[in-house]
Amino acid sequence: MNSTELANLIFPNAKEISYYEEKYKTRDLSEGALVTRYAPSPTGFNHIGGVMQAMIAQKLAKQTGGKYIVRIEDTDQKREVENAAEQIMQNLKDFDLLPDESIWQEGQYGPYKQSQRAEIYQAYAKSLIEKGLAYPCFCSSEDLEQIRTNQESAKERTGYYGKWTKCRNMPIDMAADKIKAGEPYIIRFKSPGNPEKKIKHKDAIKGNIDLPENDQDIVIIKSDGLPTFHFAHAVDDHLMGVNLVNRSDEWIPSVPLHLQLFYTLGFKSPKYAHTAPMMKMEGESRRKLSKRKDPEANAGYYREIGVPKEAVKEYLMNIANSNFEMWRKQNPDKPMDEFPFDLKKMGVAGALFDLVKMLDVAKNVISRYSAQEVYDEAYDWAKEYDEELLQLLENKEYSLKVLGIERGNAKPRKDIAKWSDLKNAISYMYEFDKENTHFEYQKITDPAEIDKIVKMYFEKYYDPKDDKQTWFDKMKDLAEELGYSREVKEYKANPDAYRGHVGDISTVIRVKLTGRCQTPDLYEIMQVLGKEEILRRI
RNA sequence: GGCCCCUUGGUCAAGCGGUUAAGACAUCGCCCUUUCACGGCGGAGACAUGGGUUCGAUUCCCGUAGGGGUCACCA
């Protein structure tokens, strides 16, 4: 028996690879156009680092007039979590990161789910077997364990390579007999590498890296007929025309293998861009953000607490290209799409994930929103996560006024970082329970004094038609009349001469009307509340 | 352990042989027509370490330490 016959015995139904080479034609794109991909495995929710990868992939494709695709890597059926693929897609949609092609938008290079491409990988594996570049391996997991043990006691590298490859040189007839006898087997790649030699890899982010050649006869087709990641990566990215692979830098050690696979299969290899993962501090040391331990690793977390997607993306972009922050400052109103992203500006070390900084970005993002935009996003969020806030927002006309307080001017408020902050920030504008609101202002506690201030203000000075300056002047007049200073400075210069200062007066009114010592501009609040409500509250 | 990568203030980071070593977040103080928020001004705070190379090293080279990654029929 020869190798072609062996290949036929193993994959009797596989098509010729020329069929696929013909079917998936080279993409017709202009020079320099990048075809990128985000390739998650459906083992759970989308990781925040995945959002960054997807964002980079999308950005590069858009900037160069290329294509951005999403491929679901579900070759490990044991780890697959039901619905995870759909959730990941939904999550990408939530971040406006839907690709040009995916399981949701079939293109000409599909299917976009690896489990549905099994026959494709098998065709390529078959061709390798025919050429003697791959072979069936009958080693059981016990055999492999034994090899490893021997290697460890001999203090040699572990793995299936060189002299340890029991099945590599098995006579074809013997292999065929075993297969016919029903012995379980997998397909291994016959590595031509020599680890004494180094390969030079030029990474789009990390620069030149010297790595030893791969000599491991890695598994390419598992016993369930599906490919391993490595093999699927080579076949898919070749067939789908991907020419730039951005992925986490934990893959760097696999680069020699991948390059070897591309080379042996006769494919042109893509450029690689290996990005540092986001880290988290744990005690004295840092570690990767973990799906299991860290809620903030879940890309869906931000939607839950109500951080706008733009804020999450701006934060991530800032980690990717730190000059983004400067750009944003110079171009406060431009969409992120216009920012010129540059792979070369990506950091090589893993950044500590900083939620505080992200929330600061979020405050700035939200401060640029109009009241209508705040309303719309907050409303959508509340529908899903906060029934009480939703109740408040149902009164749309009034809510727009409330949300418009100190907004849209040159110095907008920056006190909302996430929609889950909103209810507490505005609730007093809607609900005011006079009976159960304690008047708490430490500087003025005498009920008689409070009554006097409130009474005099509303009987003598208050006029809802006043403009802001008049309102302000009246507050000072009131202060003066009651023995408080018109200016804070006067009081500070001569505290014994006054009962207090104008700030105390206005705070009394503020607390009386809102139940809080700290609120946005009192004049605007009174305008929004309106005379009727104000009189009810006092 | 082998291989690979990394190391500038608490954090993210500019820098790419000569700088008073930017900027942002956080922090502290002061200022701003009354609180809060915003804004302004200012303070404190860094080139892991030892050798080279050089007239001169944060920057280039080597070692050390520390950190991270990877060595599966997982991706």
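The legends below describe close-up views of a predicted model, covering the domains of chain A, the interface of domain 2 and domain 3, and the surroundings of RNA strand B.

**View 1. Domain layout of chain A in the predicted model.** Chain A is divided into three parts, of which domain 1 is assembled from two segments, 3-15 and 119-275, while domain 2 spans 371-429 and domain 3 spans 447-537. The centres of domain 2 and domain 3, taken over C-alpha atoms, are separated by 26 Å.

**View 2. The interface of domain 2 and domain 3.** Here 12 residues of domain 2 are in contact with 10 residues of domain 3, and the area buried between these two domains comes to about 960 Å², with carbon and sulfur atoms giving 58% of that area. On the side of domain 2, the residues that lose the most area to domain 3 are Ile405, Tyr428 and Met429, which together account for 58% of what that side buries.

**View 3. Polar contacts and contributing helices at the interface of domain 2 and domain 3.** The rule finds zero salt bridges across this interface, whereas five residue pairs, both members at pLDDT 80 or more, are found in polar contact across it. The elements that give two or more residues to the side of domain 2 that touches domain 3 are α16 (396-403) and α17 (419-426), and α16 gives the most, with three residues. By class, the residues on that side of domain 2 divide into six nonpolar, three polar and three charged.

**View 4. The protein surface around RNA strand B.** There are 60 residues around RNA strand B, and those that come nearest are Glu325, Arg413, Trp471, Phe472 and Ser506. The surface near the strand has 25 nonpolar, 11 polar and 24 charged residues. On the side of the RNA, 68% of the strand B atoms within 4 Å of the protein belong to sugar or phosphate, and the rest belong to bases.

**View 5. Individual polar side chains at RNA strand B.** Glu325, which is among the residues that come nearest to RNA strand B, places a polar side-chain atom 2.5 Å from a sugar or linking oxygen of the strand. Arg79 likewise has a polar side-chain atom 3.2 Å from a sugar or linking oxygen of RNA strand B. For Arg510, by contrast, the partner is a base nitrogen of RNA strand B, from which a polar side-chain atom of this arginine lies 3.2 Å away.

Methods:
Residues numbered from 1 in each chain as written. Chains lettered and ligands numbered in written order. Predicted model: local features only at pLDDT ≥ 70, side-chain atom pairs only at ≥ 80, totals over all residues. Heavy atoms only, no water. Domains from an automatic or database assignment. Contact = heavy atoms within 4.5 Å. Buried area = accessible area lost by both parts, 1.4 Å probe. Salt bridge = Lys/Arg side-chain N within 4 Å of Asp/Glu carboxyl O. Polar contact = N/O pair within 3.5 Å; in protein donor to acceptor, adjacent residues only side chain to side chain. Helix = DSSP H or I, 4+ residues; strand = E, 2+ residues; numbered from the N terminus. Nonpolar A, V, L, I, M, F, W, Y, C, P; charged D, E, K, R; others polar. Near = heavy atom within 4 Å.
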